[in-house]
Amino acid sequence: MRMKVLLASSEVYPFSKTGGLADMVGALAQALAKAGQDVRVVTPLYQGIKKKYPDLRKVDWKFNLPMELNWIHAELWELNLARGLKVYFVDHPDFFDRAGIYQEASVSYADNAERFIFFAKCVVHLARYLPWRPDVVHVHDWQTALVPALILQQRSEGWGNPPPTCLTIHNLAYQGVFPAEAFALTNLPETYFTTESCEFFGLLNCLKGGIAHADFITTVSPRYAREITTEEFGCGLDGMLRERESKLIGILNGVDYAEWNTTQNPHLFKPYSASRLAGKKVNKLELQKLVGLPVTDAVPLFGTISRLAEQKGIDIQLGALAEMLNTKMQFVVLGSGAPEYERGYRDLARQFPGKVAVRFGYDEALAHQIEAGCDFFLMPSRFEPCGLNQLYSLRYGTIPIVRATGGLDDSVLDWTQNAKAATGIKFSEYTSRSLAKAIRKALVLFNQPKLLRVCQINAMKMDFSWEQTVEHYLEVYRKRVEPS
Ligand code: ADP
């Protein structure tokens with residue numbers, strides 16, 4: 001059966017992106033459409049999108065929706081992106097025509113509750129009134145997590161037979177928590193502001209509302225699905241997640257190999273593949289030149305591309321690098337985020353001249369060049385719902401060094417455990433020491449080119465394509481839900 005799937009997300013690649021959420025929703029939409037489903041995506045119209053996509057067409061549609069005591073207006077644009085795939089953009093310039101998506105200069109916008117509660121209401125309005133009736137509404141993260149509750153409420157007010165909802169948690173650490181007063185913006189009855197619903201210690205918690213009311217909950221790796229039901233990883237919501245465990249499914253993200261590949265990639269200096277690995281060396285030498293490191297294939301090059309946030313294990317990485325950079329190795333980082341971590345990397349660069357290159361900011365091309373040019377990729381996350389960069393590293397033949405948590409554990413096979421089948425190096429303990437030990441193993445591997453080659457080829461042959469992943473989502477969508 002061809003399904004009509006409405007995806008809703010606050011960021012969708014290639015229109016907007018701050019992290020893996022955008023990549024995932026953009027790729028899932030494409031993969032569903034390719035699998036023959038009828039897909040529509042709804043996302044905000046951020047600054048610059050109209051200019052970059054002149055084919056955007058205004059839809060004859062006006063939103064006029066209540067927010068507490070006010071009525072808020074917005075317009076709608078659409079773009080036919082591919083066969084079976086249309087994207088809707090909610091146009092509210094005051095909310096969305098801004099320099100950032102959620103924040104500027106590391107400061108969150110003060111009206112984020114209003115912006116995304118309004119967006120969630122637009123999603124519900126489209127789901128209800130579009131003549132194209134979705135069979136399922138799939139929302140992502142806290143920004144759209146109130147959609148299931150809003151749909152339930154509308155059902156009780158006369159929306160007969162609304163579609164089932166699926167919530168994907170991309171990162172439980174971001175819950176959309178706001179002062180209690182923000183709840184009024186939802187116009188939901190007070191019965192939704194309880195501990196069984198959206199209330200969290202007297203505050204509004206958007207993600208919690210989604211977990212409470214979505215028909216299905218997915219998260220982006222099987223191990224993370226198990227982890228978030230524990231106190232250690234549950235970010236305060238483990239109790240509710242345990243209650244809803246029968247509805248919770250972990251599906252590892254796929255990779256958009258049309259974007260992330262080494263054979264047809266405009267960002268790379270030279271194409272290469274598992275059978276023609278020589279081109280990878282060219283990418284390494286060019287990368288070294290580009291970032292100002294001594295140009296040589298004889299020294300192993302380690303890289304990181306990351307949001308500079310606590311989650312990503314930057315603290316243990318800085319510690320491990322301070323210890324290991326005395327050996328023969330180079331390191332390049334591309335990141336943006338917390339200023340104290342930027343300082344940490346800058347200090348390293350000063351301490352180890354000619355060994356460390358730092359680039360702060362967001363740079364898609366450089367991200368590809370680092371993935372292609374490095375020998376090893378460091379991803380020592382404290383927790384990692386799925387992680388995409390290790391999946392990209394695998395395809396690029398860049399051996400990932402990861403902490404065994406969440407999607408990192410699910411996607412990388414450790415060299416020490418099985419040298420023949422290995423695709424990377426794993427460590428468990430969240431300490432600089434443990435990471436330094438893993439880096440030491442990488443140095444040993446680097447000095448055994450034959451073994452390194454086996455590992456690279458194993459990695460490049462791993463297949464995390466969306467064609468496989470999408471089947472798991474279709475299974476979830478097809479589960480007929482009992483009316484509750
Ligand atoms: P998260 O979503 O937690 O940030 P993921 O590994 O799931 O982490 O996805 C991160 C995505 O963002 C990847 O596509 C990665 O290449 C990209 N990325 C992160 N930081 C940067 C940056 N500074 N410049 C370019 N791309 C970046």
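This dialogue walks through empty space, the ligand site and two backbone features.

Trainee: What kind of model is this?
Mentor: It is a predicted model. Keep that in mind as we go.

Trainee: Let me start with empty space. How many cavities of 30 Å³ or more are there?
Mentor: First the general idea. Rolling a probe the size of a water molecule over the atoms shows where empty space is left. Here the count comes to 1 cavity of 30 Å³ or more. The largest cavity holds about 40 Å³ of space.

Trainee: Which residues line the largest cavity?
Mentor: The lining is made of V136, P164, T165, C166, F216, V476, Y477 and K479. By class, that lining has 6 nonpolar, 1 polar and 1 charged residues.

Trainee: Which elements each supply at least two residues of that lining?
Mentor: Look at β9 (165-169) and α18 (466-478).

Trainee: Now the ligand. How many residues surround the ligand?
Mentor: For this feature, a residue counts if one of its heavy atoms lies within 4 Å of the ligand. There are 19 such residues, and the closest are G20, D23, R307, K312 and G361.

Trainee: Which atoms of G20, R307 and G361 should I look at?
Mentor: Take G20 to begin with. A backbone N or O atom of G20 is 2.6 Å from an oxygen atom of the ligand. R307 uses a polar side-chain atom, 2.7 Å from an oxygen atom of the ligand. At G361, a backbone N or O atom sits 2.8 Å from a nitrogen atom of the ligand.

Trainee: How much of the ligand's accessible area does the protein cover?
Mentor: On its own, the ligand has 560 Å² of accessible area, and the protein covers 94% of that.

Trainee: Where does the shell around the ligand come from?
Mentor: α1 (20-34), β15 (301-308), β16 (330-337) and α14 (389-395) each supply at least two residues. The largest share, 3 residues, comes from β15. Now step back to the domains. Domain 1 (4-254 + 467-481) and domain 2 (278-463) each give the shell at least three residues. By class, the shell divides into 7 nonpolar, 7 polar and 5 charged residues.

Trainee: Last, the backbone. What joins Y13 and P14?
Mentor: Start with the general rule. Most residues other than glycine have a negative phi, and most peptide bonds are trans. Y13 and P14 are joined by a cis peptide bond, with omega about 10°. P14 is in the loop between β1 (4-8) and α1.

Trainee: Is the phi of F201 positive or negative?
Mentor: F201 has a positive phi of about 50°, although F201 is not a glycine. Find F201 in the loop between β11 (199-200) and β12 (203-205).

Conventions. Residues are numbered from 1 along each chain as its sequence is written. This is a predicted model: local features need pLDDT of at least 70, side-chain atom pairs count only at pLDDT 80 or more; totals for chains, interfaces and linings use all residues. Side-chain values use heavy atoms; hydrogens and water are left out. On a 1 Å grid over the protein atoms alone, a cavity is a set of points where a 1.4 Å probe fits but cannot get out, and a pocket is an open set with protein on both sides within 12 Å along at least five of seven lines; lining residues have an atom within 4 Å of a point. Grid points are joined across faces, edges and corners, and a volume is the space filled by probe spheres set on the points. Helices (H or I, at least four residues) and strands (E, at least two) are DSSP runs, numbered from the N terminus. Ala, Val, Leu, Ile, Met, Phe, Trp, Tyr, Cys and Pro count as nonpolar, Asp, Glu, Lys and Arg as charged, and the others, Gly among them, as polar. A polar contact is a pair of N or O atoms within 3.5 Å; within protein, one must be able to donate a hydrogen and the other to accept it, and residues adjacent in sequence count only if both atoms are side-chain atoms. Accessible areas come from the Shrake-Rupley method with a 1.4 Å probe; for residues, only the protein chains shown count as cover. Domain bounds come from an automatic or database domain assignment.
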